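Take a moment to look over the model below. Then read on for a short tour.

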Amino acid sequence: MLTDTRTNQLSAQAAGSLDDANAAILRKAILYTLPLYEMARMRAMTCPRRDAAGTYAGDSPESTLRWVNHFIHTRQLLGPQHRQVVTPNNDTLYTNAWLDLSAGPVIVSVPDSGDRYYVLGLLDFYTNPFGYIGTRTTGNAAGSYLLHGPGWNGEVPPHVTPIACPTDAVWLIGRIMVSGPADLPAAHAFQDRFTLTATDGSSARRRFDVGMRPDEHPSNPARYVDVVAAALRVNPPPLHEASLVADFASLGIGPDASSSSLDAKQLAAIGEGIAAVLKELGAPQPSELGGGWFLPVEVHQSYGDNYFARAQVALNYIGALGIEEAMYIMADCDGDGAPLDGQQSYELHFPPDRMPRVGAFWSVTLYNKADCMLVDNPLDRYSLGDRSPNLLHEPDGGLRLYFGAQAPSDATLRNNWIPAPPAPFYLTLRLYMPHAAHLDKTFVYPSITRLT
């Protein structure tokens, strides 16, 4: 939490030019605003330069103009060649849109999905997953939803469901279940029927200046100050947090701040504070669930005042949904606490009475620890789960999965194997629409067992 004595001392030591009190305030300021910076950076990275017709928003490659209120769809299940986002999902197609509601509401219309699971998650600019459209919350029937910003007070069209958004900038990030390559054409047709329109029925698409390049790391204090200031002006904090944000102004962080008005000493202090917080947020997480597993993201509709957790997720797992929709259980160690390494072989055994319990689907995906990416392998296999064909189940219904650079010696088990690099790796168990046993943490996760 923000009042933790040890971590306050860490920031105070790093920001050596500040006294303890101001170093603690600076730490709070960075923890509070880092999600804004990371959302701005993600928008610059994933907001499209070209629209569906191929028209560029800007007039040069250097332009920071992008198209907002405009869907873009991934057409392939992500693999090792896709390197925009760390720990990528290999189970679903993504559908993505950055919304700007400052000029008025946007209507999201979705088709009937039949029996296909999907979700359009809605994140405010502080990364809070405040709402959803999809199987769990609104069902699989066709529908239209009016998304409006906090300052709007107009008339909602007939047969349209309003959704109030905490900020005018919203990230709509969708996941659409795909049952293997043969299902892709039907999934594409489903994606193509999503629309974003203004209240008069016209296209909501328009040009928007994202104001930065995606390669601008938060460690640059001048850019940090300016990007955060712009984000706070457009997306002010809720009223009950306004006084907290006002406390940051004396240190050069806030909606009225500008790097040009800060001297070298002030910028150096901010830079040291950023470095200390980034180090703190990157610290290893304990195996709180046992067996090598931990839950890196635990949020419902909002992080509330847990700004540390919000910043940690923004830095490491940005775009994560609330746990009622999806849980991401991770492990980088075996059940004995030793780091997972592909030079060894491992087994994960789900007994028949301890299979993951979900309303949609589950999977286990393997990632290279060095870059948090999927690992190229000759099987083109990156995840296994309840929809994987040809898995070998035990006679009692249990399931054993295998991980390592070497294939299992028993050829009949190779359909249950995800190849690993001959190097450190980690696993992510994804649970879509998890049941209560997962949500209340009474589910006992099987240990990851080293075999060699």
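This report covers one sheet, one helix and one leucine.

The model is predicted. Start with the sheet. It is open and has 5 strands, in the order 12-13-19-15-16, with antiparallel pairing. Strand 12 and strand 16 are the edge strands, and each pairs on one side only. Strand 16 has strand 15 as an antiparallel partner, joined over 3 bridges. At this pairing, Val364 stands opposite Leu384 of strand 16.

The table lists the residue ranges of three strands.

| Strand | Residues |
|---|---|
| Strand 12 | 293–294 |
| Strand 15 | 358–368 |
| Strand 16 | 383–385 |

Now turn to helix 2, residues 20–46. Does its length fit or clash with expectation? At 1.5 Å a residue, its 27 residues should span 39 Å. The end C-alpha atoms are 39 Å apart, so the span agrees. Helix 2 also has a kink of about 40° at Thr33, shortly before the proline Pro35. The helix is mostly covered, with 21 of its 27 residues buried.

The last stop is Leu267. This residue lies in helix 6, residues 264–281. Is Leu267 buried or exposed? Its relative accessible area is 18%; buried means under 20%, so Leu267 is buried. Which residues does Leu267 contact, leaving aside neighbours within four places in sequence? They are Pro221, Ala222, Ser259 and Leu262. Gly304 is 37 residues from Leu267 in sequence. In space, the two are 29 Å apart, C-alpha to C-alpha.

Terms used
Residues numbered from 1 in each chain as written. Predicted model: local features only at pLDDT ≥ 70, side-chain atom pairs only at ≥ 80, totals over all residues. Heavy atoms only, no water. Pairing = 2+ DSSP bridges. Helix = DSSP H or I, 4+ residues; strand = E, 2+ residues; numbered from the N terminus. Expected span 1.5 Å × (residues − 1). Bend = angle between axes of the 7 residues up to and from the residue. Buried < 20%, exposed > 50% of the residue type's maximum accessible area, 1.4 Å probe, protein only. Contact = heavy atoms within 4.5 Å.
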